Amino acid sequence: MGLLKPISGSSRYLAQTSDSPPHSLRKHLSAWFSVVHEASKTNKLRGPDFFKTYLQGQVLDIGAGKSPVTPTAKVFDKAQGDAERMPHYMGPNSYDCVHSSHCLEHMSDVPAALADWWSLVKPGGYLIFVVPDEDLYEQGAWPSLFNDDHKATFRLGGTASWSPVSFEVRQLAEKLPGGEIIQIRRMDAGYDERYRLKSISRGQRTAYNLLWPFSGGLQYVLGNHAPSLYPLYKFLHLPIDQTIGPALAQIEVILRKSPREPT
């Protein structure tokens, strides 16, 4: 157990885990999968019309790593700077589309970061962001069991949440000035509700962490065949991160900025 670190916007405190070899490997694999694997699965569902409609012109992809949403999109990731200080790197109204997949949950101040990203969108342009669905991904557990760098959770609908750091995505979108919500959808293709937990006990968390080098590593090795392991993991009462396999567990939001600057 390391130093206690406060979460921004929450009175709860997290214990930072040591960066032991298994933990470090898991952390890097989770980060890589959230960028490369999830982006690939998401794009397969979008279809050509999606790209023709929303991802044309100058496109900025925040948090894309080495997997931009389109081949010509400009990538902004850790190597380029801090995604929570975007106005320090580029001017307002600069892009026809700002896209970000599985990055917003890593921001310490979600509304402020989203407002900054919105400021980069040209009038008439689009903001697209994708975040984990808190019920499908986190499964009632906070701090996040599957990605300990998550600083926020997200839901679609509902006035309350089990999570102390939850944001309702429609409310976030509606607060952006001059914005028109084009679409908000839950993306859960391939997700099997039989293996979702409503909550994760301390014992289950401990067991998952202890067995992860085997159980989690085997899921990564099997990839799209990982669901063959789920009956065994359920029998053992192990939490399952279905996104390691073919499943999605996320929410996609598409906003259009008014052609006229909001007053």
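Does Thr 206 count as buried, partly exposed or exposed, and what is its relative accessibility? In this predicted model, Thr 206 has a relative accessibility of 42% and therefore counts as partly exposed, since that category lies between the buried limit of under 20% and the exposed limit of over 50%. Thr 206 belongs to helix H5, which covers residues 202–222. Along the chain, Thr 206 and Leu 238 are separated by 32 residues, while in space their C-alpha atoms are 9.7 Å apart.

A similar look at the surface leads to helix H6, made of residues 230–235, where Leu 232 is located. Leu 232 is partly exposed, its relative accessible area being 44%. Together with Phe 235 and Leu 236, Leu 232 forms a nonpolar patch on the surface, and the accessible area of the three residues adds up to about 330 Å².

The picture changes on turning to strand S5, residues 95–101. Of its 7 residues, 6 are buried, so the rest of the structure largely encloses this strand. Strand S5 also has partners to pair with. Strand S3, residues 59–62, runs parallel to S5 and is joined to it by 4 bridges; in this pairing, Ile 62 has Ser 100 of S5 as its bridge partner. Strand S6, residues 121–132, runs parallel to S5 as well, and 6 bridges link the two. Here, Ser 101 is matched with Val 130 of S6.

The link between S5 and S6 can be followed too. Helix H2, residues 110–119, combines with these two strands in a β-α-β unit, and this unit is right-handed.

Methods
Residues numbered from 1 in each chain as written. Predicted model: local features only at pLDDT ≥ 70, side-chain atom pairs only at ≥ 80, totals over all residues. Heavy atoms only, no water. Buried < 20%, exposed > 50% of the residue type's maximum accessible area, 1.4 Å probe, protein only. Pairing = 2+ DSSP bridges. Right-handed = clockwise from strand over helix to strand, strands pointing away. Patch = residues over 30% accessible without salt bridge, like charges linked within 9 Å, V, L, I, M, F, W, Y side chains within 5 Å. Areas by Shrake-Rupley, 256 points an atom, 1.4 Å probe, with all protein chains shown as cover. Salt bridge = Lys/Arg side-chain N within 4 Å of Asp/Glu carboxyl O.
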